[in-house]
Amino acid sequence: MKISSTLALLLLGSTLSSAASLSVYQDQSQYSYKAKSTFIGLSKNVKAKCDGRSMETRFLPTCPRDKRLCKVLDALKESEFTLSKLKANSKVLASLLTLPQPKEFDAASWIDTAKRVGEEEARLLKESKQAESVVAFKAKLLNRQVPVHAALISGHLCKGSTELTIPYGYVTFSTRYEADISKKNEIKVSQYLSIVNRSGIDIKAEDAMFYYRPARQYVRAIHFNPWLVSKHTPVRYKKSMKLSRSAAVEDNMMVSMAGAPMMEPAPKMQASYLDAREYKVTNLDLPSTGMPTDVKLNTWSAELSCALKTYPYVNAEVFEVCTFEPKYQIDANRWKITSGKMTVNEKGTGEYDEGKYRLYTQIEDDIKVVRKPIVKNERETGIFGGTERKKDGYVLSLTNKSDKSKKVTVIERIPTSTNDEITVKLLDLKSDKKLHYKTLKDGKLQIEVTLAAKEHRKIEVLFEISYDKGLKIRY
């Protein structure tokens, strides 16, 4: 029997309307679902609607036992009750010892009683400490999952779509990257979405959207104002003008509005990259555990170029820096870098650089770099006419401790002037072997150095600063 197209559309519309959905923004989350009971979760400050109309919520003194989070809460309460009983038993035992003692003294009986009392006190103390540890553990486990130890319910069972607005920070997400550089001249990038739910509401959604933007963005209406020119008439004031209270209040309100705050077996979860800072996950199962749920968003490869670089003027370490052109926008600059199954760096960093992306993969420990200023008695200052010229510089020492030849790009600098009264020029780069270097803008020097195995090299950088006689400078 064939179903008519009209009926099929109606059935499809009914299915879509009952599908659960989640939208996570930077200032709140919105969760829509078909409720089977009035129980919402162990949460607070949640706004509820039924088919678009506001719905009352309240807390229950008890929690439905068939709910996962309620079971965790009940387990905590049972442990707290056990601890209370042990403490009460200890108090009763202590009170018994204060009762009036019999006049006749039986030494053997007293010794036996004291022994049993001591054993009971020790047992109660041991069990109390154990119970306290259990309570602390279960409380920590629950607090990681929920913001409150009380069941939140709706005023009535919504027969349509229940819509919850969940406060900021209860459901968060972030992205992270992994880079596999095992293949020569190629990088394989994998992007992951990490989602954390501690709202106290177990969420299941057929479609979930994640946005790196707030849901509430106040945009002040802007109207055209003509730019007037008029005759200036001086106005003299005997006292400084003060903004009236009403005007001040109005201005503060406008500033506040303009700067309004912009507030991280079921079907298999699948995530997709829709756009920069916009992601989608289907069949999302997100219980409120406080632990990350990770799903892969995207995987792509690109050509890679790697080199050893050092920036001695700020850091004496040598880095392996890899450059590639991203196929998709990079949203976060923290990376896990691998080479096949081997972890190269769990905390690699990266940054955009003139349309390409630079990835700092690891520190090269086989090369030692030392930067020292030229000693003061070697500095020369002379006066030529009305111009004073000062010679200065520094020495770079590079040592290759490995058994292999290493090529290093040294990024250095000399001072650069911001006015016509001071000029700077590079005089010389001295080394035992010929150097290949470039002088770039803003005093940047790019020096290419090839170090043979166990080789030690020294590079002397000399520059001259010229300025008017009597002018004081600093750099």
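Me: Which residues does Ala452 touch, not counting residues up to four places away in sequence?

Reply: Ala452 touches Asn400, Lys404 and Ser405, once those sequence neighbours are left out. Contact means heavy atoms within 4.5 Å. This is a predicted model: local features need pLDDT of at least 70, side-chain atom pairs count only at pLDDT 80 or more, and totals for chains, interfaces and linings use all residues. Residues are numbered from 1 along each chain as its sequence is written, and side-chain values use heavy atoms, with hydrogens and water left out.

Me: Why does Ala452 count as buried, exposed or partly exposed?

Reply: Set the value against the cut-offs. Buried means under 20% relative accessible area, exposed over 50%, partly exposed in between (1.4 Å probe, protein chains only). Ala452 has 35%, so it is partly exposed. Ala452 sits in the loop between strands β26 (444-451) and β27 (456-468). Strands are DSSP runs of E, at least two residues, and helices are runs of H or I, at least four, numbered from the N terminus.

Me: What makes Cys50 and Cys158 a disulfide?

Reply: The rule asks for two cysteine sulfur atoms within 2.5 Å. In Cys50 and Cys158 the sulfur atoms are 2.1 Å apart, and they form a disulfide.

Me: Why is the disulfide of Cys50 and Cys158 left-handed or right-handed?

Reply: Its torsion about the S-S bond is about 80°, so it is right-handed. Cys50 lies in strand β4 (residues 47-50) and Cys158 in the loop between β7 and β8 (162-167), so the link ties together parts 108 residues apart in sequence. Both Cys50 and Cys158 are buried.

Me: How many disulfides does a search of the whole structure find?

Reply: The search finds 3. Another of them joins Cys63 to Cys70, S to S 1.8 Å. With -55° about the S-S bond, this link is left-handed. Cys306 and Cys322 also form a disulfide, with sulfur atoms 2.0 Å apart. The Cys306 and Cys322 link has 110° about the S-S bond and is right-handed.

Me: Why does Cys306 count as buried, exposed or partly exposed?

Reply: At 39% relative accessibility, Cys306 is partly exposed. Cys322 has 1%, so Cys322 is buried.

Me: How many aromatic pairs does the structure hold?

Reply: There are 16. Rings of Phe, Tyr and Trp (its six-membered ring) pair if their centres lie within 6.5 Å; planes under 30 degrees apart are stacked, over 60 edge-to-face, and the rest tilted.

Me: Why is the pair of Phe324 and Tyr357 called stacked, edge-to-face or tilted?

Reply: The centres are 5.6 Å apart and the planes stand at 45°, so the pair is tilted. The partners come from distant parts of the chain, 33 residues apart: Phe324 in strand β16 (residues 315-324), Tyr357 in strand β19 (residues 356-363). Trp335 and Tyr357 have ring centres 5.7 Å apart and planes at 45°, so this pair is tilted too. Trp335 lies in strand β17 (residues 334-339) and Tyr357 in β19, so parts 22 residues apart in sequence are tied together.

Me: What makes Arg176 sit over the ring of Tyr192?

Reply: The test wants NZ of Lys or CZ of Arg within 6 Å of the ring centre and within 35 degrees of the ring normal. The charged end of Arg176 is 4.4 Å from the centre of the Tyr192 ring, and sits over that ring. Arg213 likewise lies over the face of Tyr211, at 4.7 Å from the ring centre.
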